[in-house]
Number of protein chains: 2
Amino acid sequence: MSTVDISYLEQIRSLLHDQGAAEALRELAGELQPYDLSELLTKLEDEEQLLFLAALPPAIAAETLEYFDPVEQYHFLDHLDPEVAARILNLMPSDAVVELFTALHPRQTEQLFALLEEPFHEQIRNQMSYPENSAGSLASVDYIAARRWWTVEQTLSHMRKVQATAELFNYVYVLGPLGELVGVISLRQLILADPDTRLDEIMVQKLITVPAELDQEQAARLVANYDLIALPVISSTGKMVGILTVDDVVDVIEEEATEDIHLLGGSGPVETPYFKTSLATFFRKRFVWLLLLFVAQAFTGNILRHYEGLLAQVVALSFFIPLLTGTAGNAGTQTSTMVIRALSMGEIRAGDFLKVIWRELRLGLALALPMAAITFLRALLLGSSTYMGFTVATTILVTITVSSTIGAIMPIVGKKLNIDPAVFSSPMITTVMDSLGLIIYFQFARLILGF
Amino acid sequence: MSTVDISYLEQIRSLLHDQGAAEALRELAGELQPYDLSELLTKLEDEEQLLFLAALPPAIAAETLEYFDPVEQYHFLDHLDPEVAARILNLMPSDAVVELFTALHPRQTEQLFALLEEPFHEQIRNQMSYPENSAGSLASVDYIAARRWWTVEQTLSHMRKVQATAELFNYVYVLGPLGELVGVISLRQLILADPDTRLDEIMVQKLITVPAELDQEQAARLVANYDLIALPVISSTGKMVGILTVDDVVDVIEEEATEDIHLLGGSGPVETPYFKTSLATFFRKRFVWLLLLFVAQAFTGNILRHYEGLLAQVVALSFFIPLLTGTAGNAGTQTSTMVIRALSMGEIRAGDFLKVIWRELRLGLALALPMAAITFLRALLLGSSTYMGFTVATTILVTITVSSTIGAIMPIVGKKLNIDPAVFSSPMITTVMDSLGLIIYFQFARLILGF
């Protein structure tokens, strides 16, 4: 199932060391999917990896390489015979080439650029002019283009010719004289149509398109919403830039969810898989946030020193500090997580902001009431006075309500200011609530206990 | 772009109230995507919605309905003329029908079942026998099936006949006499092949398949890994159950990420979109967790009371409580979030557990060292003695290291015990670290300050 039979590894090894076995090796590779080949490749020795890649049909080698990260891809291409490397590189989908080129050192990029043939070379240069993480940089140029006056017959015969490089075979895009997109025909329509029909008689002209400048996350949501296999990406002048396919969308959606989750955990987002990320990278991503939160958290020391007299008189006040600040932080975390996810799923729009805050305020109050009653009982159980019980219960009532509301306000304000709402993570909310909660607590203590 | 031109709404309204405008209405609808139609539909009055759905071609109405949740779908189908409802329902993809039927009250399900025609009726019954959230229940039966002795010509002409109901046109699945999957042919291959070729001469026999019992998350990852548009789902006896398409995979991946994010925020996962979820549902999902964490957190009260004498002698000890527990909680949250995401992305496997814990222990120590130095300075700045500074610095050193390690251990142990690792959320880790951190703190205080 998910992991490929390990017995292939031994067969590949023995075939690699046998000069005359090229054909047998290709046959073996033909039985496997590129993903499986990539898994096998990682298990080979350095020298064997290069032999194996060179032995694969270039189109298969190109698909296999896609499963590696840019640094590894460069390593392979750099160590292969330049002619073999060029053949493989020119067969990679354009979005994969753009991803590779933008990740490398400019000198390495130029070295690989020299291997590209026209018109691919030109297309890649063009696509690299779009900002990283925009729909334009993600688009693949390996779609099938046709002209409006072509017949169905002509189009099908054109498709047979270009089939080796087309990433997507489901749609034919009809382009005007300046490369502008004028219509789309599905392969299904082509098969059903009379062979002599002209494309402009059957093409769909009302199109859903993605602007090339659009952020990849929004573009991905567009493809996902329409449940389509691909959407055309269009430049500001109406020219066809490429197509955005649903398998790229899956990657974008996973990537963006991972980014949100890492930020919500109070750390910078890490883009590489867990074991491919060095401890130094993790250290950098985490230390900055840990330090920032520490500085914010350090205010609690000043607040507590401010109320030193009160604390010295009623040591029992300190018994409740972690419980009160912890619970308020938890309520705020719940709200902010819900709101942040709904924002990134596009469920909450700009016009809804006040409505969301009003909802979360009421929900916070509804949660605060029973929690306050329970806190009151807990205080009595711990042997506190009724006054003390009232103090902690009132504090819980106010802090849970405030913290739920703040948990909604912070990500929303962030969104307005164009800050990723996910930075208003649980550690952020709990840190803010620690200080705020202490002030509320001591003010109520003064008021109710009468110091 | 993403939102459809609102001027359509007025046109639709006026056409709906005009008896003879059925044709014009269908033409208008033809210009729009089902997703757009669903957006327009929500803006119409109840009565208009039913008129509009009945006026649409049934296949389009079926696709439009897919964008609504089960309760709304039932509302429409129940209020439409039964004949119209039956036509629409029989054209919905089987995975959508299964999703609808499993969400409804059994009586409502039976009412709709009566509308299904054979063999769809039988297929749906069959598919509903798979557990919810398994690949089998997600599979769509709207694929194109062929026999091994068919020629390419015969197959293409069969495809022309069934094209209205097939969800996926990219692959033809070749079935054996008992419905077992024996091969796959892509439409690309069909177009390129000689019309008289038999399917078993060109079909691919080495297949990647998904077992019907597999959890939807693992099945989704399989499709995503192989970058394929669809994978066949196979029963334990080798029979073809249906296909899992990449657009369903997008939904599963988004759903699972949302679930993880909600759990990480310390609340039960909420499955409906933000504004479609009642405050009562949010209350239930959140209150249980808030209460659970409160109970765990309440131990801090006992710990502090245990050290009451120490606290009364050195009130300054309490100044550092929120800072120390907060920072340790943050470090633990960072680790657990990273590990939980890597677990659900399949980046960490069962054999890696000790390696992960060892990594996070070292990383925790690396982060703890500079943080301890900073804490020491902070204590001196707050006017504490050098001894006091040593106490808090040592506490930070130990708690950050411990908390990073625990942040890795808890989700991993959870995974081993088959508990969703995401329940070991930030609130969970911070709550545990509050108690543990206090004990470590007071023990060091006794030792270093000599009480």
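Two residues are taken to be in contact if their C-beta atoms, placed from the backbone, lie within 7 Å. On this basis, 100% of the interface residues of chain A are also interface residues in chain B, so the copies meet through the same surface. The structure is a predicted model, in which local features need pLDDT of at least 70 and side-chain atom pairs count only at pLDDT 80 or more, whereas totals for chains, interfaces and linings use all residues. Residues are numbered from 1 along each chain as its sequence is written, and chains are lettered from A in the order in which they are written.

At the interface, 92 residues of chain A are in contact with 92 residues of chain B. Helix 21 of chain A (residues 321–344) supplies the largest share of chain A's side, 14 residues; helices are DSSP runs of H or I of at least four residues, and strands are runs of E of at least two, numbered from the N terminus. By class, chain A's side of the interface has 51 nonpolar, 24 polar and 17 charged residues. Here Ala, Val, Leu, Ile, Met, Phe, Trp, Tyr, Cys and Pro count as nonpolar, Asp, Glu, Lys and Arg as charged, and the others, Gly among them, as polar.

A turn of 180 degrees with a shift of 0.1 Å along the axis lays chain A on chain B with an RMSD of 0.2 Å. The two copies are thus related as by a two-fold rotation axis. Superposition was by least squares on the C-alpha atoms of residues with pLDDT of at least 70 in both copies.

Chain A contains 24 helices and six strands. Its radius of gyration, taken over C-alpha atoms, is 30 Å, well over the 22 Å that the globule rule (2.2 Å times the number of residues to the power 0.38) gives for 451 residues, so chain A is more spread out than a compact globule. Along its principal axes the C-alpha trace of chain A spans about 90 × 55 × 40 Å. An automatic or database assignment divides chain A into domain 1 (7–133), domain 2 (144–245) and domain 3 (298–449). The centres of domains 2 and 3 of chain A, taken over C-alpha atoms, are separated by 53 Å.

Of the contacts in chain A with a separation of 6 or more, 70% join residues 24 or more positions apart. Leaving aside neighbours within four places in sequence, B:Leu244 is in contact with ten residues listed for it, including B:Ala135, B:Leu138, B:Val210 and B:Val249.
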